[in-house]
Amino acid sequence: MNVRAEASPKKLDVVQSGAREGGRVKPAVDPATLEHRNLRGGDWWRAIPAYADVDEATFIDYKWQAKKSITKVDKLLATVQELASPEFIEDVRQGFAHAPMAVRVSPYMVSLIDWANPETDPIRRQFIPMASELLPDHPKLDLDSLHEQADAPTPGLTHRYPDKALFLALDTCPVYCRFCTRSYAVGTDTEEVAKVSLKANADRWEAAFEYIASRPELEDIVVSGGDSYQLRADHLEHLGDRLLAMPNIRRFRFATKGPAVMPQKILSDDAWVDAITKIVDKGRKLHKEVAIHTHFNHPNEITEHSERAMNKLFERGITVRNQTVLQRGVNDSAAAMGLLVKRLSHVNVHPYYVYIHDLVKGVEALRTTVQTAIDIEKEVRGLTAGFNTPVFVVDAPGGGGKRDAHSFEHYDRTTGVSVYRSPNVDRDAFYCYFDPIDELPEMGRERWADPGQHAAIVAEALEAANEYMSQRR
Ligand SMILES: *Cc1c(COP(=O)(O)O)cnc(C)c1O
Ligand code: SF4
């Protein structure tokens, strides 16, 4: 439809004068496209009976948020008892009984869930399991699917890529996400999983520093966990000082989900914010970049509190980038992902990556296909600045590292097997990713239903990838 043909004479006039200058004036936008500027504000949390008397000063106090974070299933259910149906409550109780992750939800997260529709709420889906949503795990899943432990020269340090390494400094987080890739280590033991210990321990840290200093090719460290939010300000500074003092280290990042799940800490924990500012400033003088990488998954997670927190970091010259996980029923539509990207940009957070969901125990219903990722990427690219447009990546199981979702050598949409190469990790290896089986066409689902076919499914995909490679040689 030609919108301009329907424009009023006045608008037509504008169009014509635009045309005279050689331009083409776009029609007025639908106000819905500006939705990213519409951030939740006021004191919305008071709608939750448990927080009805909590004033803003209390709600933005990070100590209150941490103290009131819910770590017991019964406590969580009691908090929302009056808001949700008995069926929902029972479904969640059963869901937690099978969950590999411990519970920890901040009052802020609880308050952002739409309790009139918790079944479909994108934040509920990330933190609170329902037994009725549970799907069988993919037969190709194993617990450390990213080979982080296998690639570790010292405990908690993964050196996979040529010039960068991942340091898991500690094993706790301000919240626990049910889809955590590191459920092998993060959080307390659950009935399902006994964890590998990665505590913030001085000897373990020292071993990691010695290794990093001993490898001249290492220039870039990702400090993660667990979550850097949980580090004490003096530990944070110690870590920063140690890394900045190494001549080989040119840049590092602190990874934290904190800004997404508890922006109140940035607004009220001056010691932590001052510590990170000091490291960033010291780094800048040394011409080394220190940034924060965070993890927003849905536009509803960006509120006025987030905006105030991000503005504070921005004023201090701290770069914040975002890594999202693509999740079914959370952000697996062009509309949700587009709004997330625009809203992140609005609060000066650079959308950096969108991860295709890793194979993680107990969350098959959150995974999507590689094709879904590719379709959404097409819709998102071009929406805004290129530097605010995330790259959609698969973290290839078996230690292949991050690969551009499009860059497979072969992708069988019937069996859901995609095959990637990762020349900087291993020039000769193939790495396979597996779409969730329930999303496959019937023929694919039938083949996976027969365990006798599994080896053949993988062998076929590798054969096809090999063939494609040899044709190009
Ligand atoms: C993600 C990751 C990095 C950092 O990779 P970037 O693409 O630079 O963000 C480094 N090491 C490991 C093991 C990782 O998983
Ligand atoms: S914040 Fe990150 S490391 Fe912690 S539970 Fe969530 S996904 Fe895992």
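**View 1. Ligand 1 and the polar side chains around it.** A polar side-chain atom of K402 lies 3.3 Å from an oxygen atom of ligand 1. Keep in mind as you look that this is a predicted model. Two other side chains have an N or O atom close to a ligand oxygen: for R253 the distance is 2.6 Å, and for Y352 it is 2.8 Å. How much of ligand 1 does the protein bury? On its own, ligand 1 would expose 380 Å², and the protein buries 92% of that. The full set of residues around ligand 1 is T158, R160, Y161, K164, L166, V222, R253, Y352, Y353 and K402.

**View 2. A closer look at R253.** We've just met R253 beside ligand 1, with a side-chain N or O atom 2.6 Å from a ligand oxygen. Now zoom in on the protein around it. R253 sits in strand β4, which covers residues 251-255. Is R253 buried or exposed? Its relative accessibility is 13%, so R253 counts as buried, given that buried means under 20%. Skipping the neighbours within four places in sequence, R253 is in contact with K164, D220, I221, V222, V223, A291, H293, Q323 and Y352. Three names in that list, K164, V222 and Y352, also turn up among the residues around ligand 1.

**View 3. D220, the polar partner of R253.** The side chains of D220 and R253 are joined by a polar contact of 3.0 Å. D220 belongs to strand β3, residues 220-224, while R253 is in strand β4. With a relative accessibility of 6%, D220 counts as buried, which is why you won't find much of its surface open. Which residues does D220 touch, once those up to four places away in sequence are set aside? They are D163, K164, A165, I249, R251, F252 and R253.

**View 4. Helix α14 and what covers it.** Here's a helix you can check with a little arithmetic. Helix α14 has 13 residues, 334-346, and at 1.5 Å a residue it should span 18 Å; its end C-alpha atoms are 18 Å apart, so the two agree. Which residues of α14 are buried? They are A336, M337, G338, L340, V341, R343, L344 and S345. Here's a handy rule for reading a list like that: an α-helix has 3.6 residues a turn, so residues three or four places apart point the same way. As for what lies over the buried residues of α14, the cover includes strands β6 (320-326), β7 (349-356) and β8 (391-396), along with helix α15 (370-380).

**View 5. I376, on helix α15.** Stay with the cover of α14 and pick out I376, which is found in helix α15. At 4% relative accessibility, I376 counts as buried. How far apart are I376 and M337 in sequence and in space? They are 39 residues apart in sequence, and their C-alpha atoms are 7.6 Å apart in space. I376 also touches M337, along with L326, N331, D332, S333, A334 and F392, not counting residues up to four places away in sequence.

**View 6. Two residues with a positive phi.** First up is N348, which follows α14 and sits in the loop between α14 and β7. N348 has a positive phi of about 65 degrees although it isn't a glycine. At 33% relative accessibility, N348 counts as partly exposed. The other one is H287, in the loop between α12 (270-285) and β5 (289-294). Its phi is near 60 degrees, again a positive value in a residue other than glycine. Is H287 buried or exposed? At 63% relative accessibility, H287 counts as exposed.

**View 7. The domains, with D428 and T414.** Now pull back a bit. The chain is divided into domain 1 (44-133), domain 2 (157-407) and domain 3 (409-473). Taken over C-alpha atoms, the centres of domain 1 and domain 3 are separated by 39 Å. D428 lies in strand β12, residues 426-434, and is exposed, with a relative accessible area of 72%. From D428 to R284 it's 144 residues in sequence and 39 Å in space, C-alpha to C-alpha. T414 is in the loop between β10 (410-412) and β11 (417-422), and with a relative accessible area of 27% T414 is partly exposed. Leaving aside neighbours within four places in sequence, T414 is in contact with L440, P441, M443 and G444.

Technical notes. Residues numbered from 1 in each chain as written. Chains lettered and ligands numbered in written order. Predicted model: local features only at pLDDT ≥ 70, side-chain atom pairs only at ≥ 80, totals over all residues. Heavy atoms only, no water. Helix = DSSP H or I, 4+ residues; strand = E, 2+ residues; numbered from the N terminus. Expected span 1.5 Å × (residues − 1). Buried < 20%, exposed > 50% of the residue type's maximum accessible area, 1.4 Å probe, protein only. Contact = heavy atoms within 4.5 Å. Near = heavy atom within 4 Å. Polar contact = N/O pair within 3.5 Å; in protein donor to acceptor, adjacent residues only side chain to side chain. Areas by Shrake-Rupley, 256 points an atom, 1.4 Å probe, with all protein chains shown as cover. Domains from an automatic or database assignment.
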